[in-house]
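Good morning, and thank you for making time for this. I would ask you to keep the sequence and the structure in view while I speak.

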Amino acid sequence: MAAVAPAAEGVPGRGPPGEVIHLNVGGKRFSTSRQTLTWIPDSFFSSLLSGRISTLKDETGAIFIDRDPTVFAPILNFLRTKELDPRGVHGSSLLHEAQFYGLTPLVRRLQLREELDRSSCGNVLFNGYLPPPVFPVKRRNRHSMVGPQQAGGRPAPVRRSNTMPPNLGNAGLLGRMLDEKAPPSPSGLPEEPGMVRLVCGHHNWIAVAYTQFLVCYRLKEASGWQLVFSSPRLDWPIERLALTARVLGGALGEHDKMVAAATGNEILLWALQAEGGGSEIGVFHLGVTVEALFFVGNQLIATSHTGRIGVWNAVTKHWQVQEVQPITSYDAAGSFLLLGCNNGSIYYLDVQKFPLRMKDNDLLVCELYRDPAEDGVTALSVYLTPKTSDSGNWIEIAYGTSSGGVRVIVQHPETVGSGPQLFQTFTVHRSPVTKIMLSEKHLISVCADNNHVRTWSVTRFRGMISTQPGSTPLASFKILALESADGHGGCSAGNDIGPYGERDDQQVFIQKVVPSASQLFVRLSSTGQRVCSVRSVDGSPTTAFTVLECEGSRRLGSRPRRYLLTGQANGSLAMWDLTTAMDGLGQAPAGGLTEEELMEQLEQCELAPLASSRGSLPSPSPRTSLTSLHSASSNPSLSGRRGSPSPPQAEARRRGGGSFVERCQELVRSGPEPRRPPTPAPRPSAGLGAPLTPPKVKLNETSF
């Protein structure tokens, strides 16, 4: 013991290799020799024992190190024996601690161990990879209307111009970095030129929107996905994207495929050619912010929560704007477009018919149903059953309200004149319903309270919904999906959780836990069971995703396939085979994320307290963002500039209450050192938006 005292008193400076060093790591004592701790040069311990790092001692004179003692035990054992024995410690935690202590040999061994479980070629579900396209030439002339378009009556003129043909020869090259900074978005926040903001698909076509341009790909049976269209560089960031790839009997001839992009109140529409290229149809103005953009057949529809709807007819080449009640939800089935409004009414129009009255040139917008309590219709879903008679279909409509109610109404073919009848009512939500889906077998609703999902099984008789035994409760679960309000986690419209899929098949939710996540979880919308999880093959964060129902090929035995499309922060696009994942459904872990997986995802961000009152409810809109977030840094890592400052420390968190988020915050604060997954090192590249280390982002709890 006489040798121990000098070791404890005079640790700083040089000492004999056999000197005994006493350590207090997180309250647990360890004893070892100076030689054991210092055989790796330039490590934390060699700096500590040489006096380059100041020491803190406990009451017994042992050096105090405020780290996790559970993880320190295998690290000390490695220093003693040069052999790795994790002893049940998570690999990412061990790697993080080894990096903190500066133990280079151990760090290399742990990184190699993790690389054995990961591949740049993905797993068995990985189906394809499209590199970032070539950035288009700057478009200097802004296409815009001279004067406002007319809101009714005669069709307003539009300017036409040819677009740049696609650069098919350079389709496989990385896009070059911008020499000019992209203009700010309408919110005043900077945009990322190389980040995938939106992805949408239709049949065998894909449209991918970047900040200032979009590209379209077509799937060819023999050669795979081919770039067939690239738009010019636009003067504003794209916020909405729509694509139609099949217009049966379209009046545009060979231009029967169209893509549209919108931001603010302006909409650009292009006609696409199957073999490559396209032409601009026109530029249209809604007059207010476009909050939903989609096709119904060959009609382009744009809506806003203010109650304004715009319709472009491909046959008449007419752009018509109409005022209705403030719109809070919408859905389309067949040629019918239904609009849910804040006054409790559901309006419909048949876009297959000529949408104007002969007398006053007004859109044929008719009220279909009014909620008994006149609550705002915040979510809408229409299901058309197979025809049961010559007089039409049995139309079923499920809708959610601002008070949390879920109602199902039905329209009999024989009673078309009397309107839909109320069929069933559920009052299981206490927050506004943000999503609803009525399919062949299930009724699914999602409310604004932490993305709470309730599902029911639907009983049918001869294809029609039946009251015997009626809809029965099936599952209750939550989808944790935090979203960045500063736009650097991707466009909010490109991170919709779903549900995705055909209504006569199993549908899925896509769960992206934090904005900078590179991993997505696919879960059944009916039960919440996990189908699979996919991780970015190049390590870059996923900024947009969607599900594509792709047609089967002409080959014998071929069947339609379902793909998950993920757009990355570096501009690439990855494809994952969900059909194969659904076939092996029983092999995935039951339920959603495990507690360990959830904490691993949450450790990539910093949860911040609510800025507003907890009792306030989000206002329903056709697109409801899941969670607001504060910007973590004035120079986010996704901006493409190296050397960005690290994010500031998290704000003081409020205590009290028992919400799920607060419990997660408490776990992060009170638990041992957080387990942080290794961050892939940035790879130098001349490409556009090379993957960089994402910073932590402060999250503001509003909903999941």
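Asp496 and Lys435 meet through their side chains in a salt bridge, with 2.5 Å from N to O. The pair links distant parts of the chain, 61 residues apart. Asp496 sits in the loop between strand E31, residues 472–478, and strand E32, residues 508–511, while Lys435 belongs to strand E26, residues 433–438. Please bear in mind throughout that this is a predicted model.

How exposed are the two partners? Asp496 is partly exposed, with a relative accessible area of 31%. Lys435 has a relative accessibility of 18% and therefore counts as buried, the cut-off being under 20%.

This contact is one of 14 salt bridges in the structure. Some of them share partners: Arg218, Lys220 and Glu275 are joined in this way into one network.

A second pair worth your attention is Glu323 and Arg308, whose closest N and O atoms are 2.5 Å apart. Glu323 lies in strand E17, residues 318–323, and Arg308 in strand E16, residues 308–313, so this salt bridge ties together parts that are 15 residues apart in sequence. Both side chains come from partly exposed residues: the relative accessible area is 43% for Glu323 and 21% for Arg308.

The third pair is Arg67 with Glu97, a salt bridge of 2.7 Å from N to O. Because Arg67 lies in the loop between E3 and H4 and Glu97 lies in helix H5, the contact ties together parts that are 30 residues apart in sequence. Are these two residues buried or exposed? Arg67 is buried, and Glu97 is buried as well.

That pair brings us to the N-terminal part of the chain, and to strand E1, which spans residues 20–25. Why may we call E1 largely enclosed by the rest of the structure? Five of its six residues are buried, so the surroundings cover most of the strand.

E1 has partners in two directions of pairing. With strand E2, residues 28–33, E1 runs antiparallel and shares six bridges. Within that pairing, Ile21 has Thr32 as its bridge partner. The two strands form a hairpin with two residues between them, and Gly26 in the turn has a positive phi of about 60°. With strand E3, residues 63–65, E1 runs parallel, and three bridges join the two. Here Asn24 stands opposite Phe64.

Let me turn to the packing around these strands. The largest nonpolar core has 28 residues. Which of them touch the most other members? They are Leu23, Leu37, Phe45, Ile65, Phe72, Tyr101 and Leu103. At least two residues of this core come from each of E1, E3, helix H3 (44–49), helix H4 (69–81), helix H5 (91–101) and helix H6 (104–115). H4 gives the most, with seven residues.

Ile65 offers a view of this core from within. Leaving aside neighbours within four places in sequence, Ile65 is in contact with Leu23, Asn24, Val25 and Gly26, and also with Phe44, Phe45, Leu48 and Tyr101. Another core lies apart from this one; it has 21 residues, among them Phe229, Leu234, Ile238 and Leu241.

Further along the chain, I would point out an open sheet of four strands, in the order E18-E19-E20-E21, with antiparallel pairing. Which strands stand at the edges? They are E18, residues 327–333, and E21, residues 366–370; each has a single partner strand, so one side of each is left without a neighbour in the sheet. From one strand to the next, the twist averages 25°. At one edge, four bridges join E21 to strand E20, residues 345–350, in antiparallel fashion. In that pairing, Tyr348 stands opposite Cys366.

I shall end with the protein as a whole. Its secondary structure comes to nine helices and 39 strands. Of the 704 residues, 55% are buried. Among contacts with a separation of 6 or more, 59% are between residues 24 or more positions apart. The exposed area is about 30700 Å², of which carbon and sulfur atoms supply 51%.

Methods
Residues numbered from 1 in each chain as written. Predicted model: local features only at pLDDT ≥ 70, side-chain atom pairs only at ≥ 80, totals over all residues. Heavy atoms only, no water. Buried < 20%, exposed > 50% of the residue type's maximum accessible area, 1.4 Å probe, protein only. Pairing = 2+ DSSP bridges. Contact = heavy atoms within 4.5 Å. Areas by Shrake-Rupley, 256 points an atom, 1.4 Å probe, with all protein chains shown as cover. Core = buried A, V, L, I, M, F, W, Y, C linked by side-chain atoms within 4.5 Å. Salt bridge = Lys/Arg side-chain N within 4 Å of Asp/Glu carboxyl O. Axes fitted to C-alpha atoms, helices over the stretch in contact; angles between N-to-C directions.
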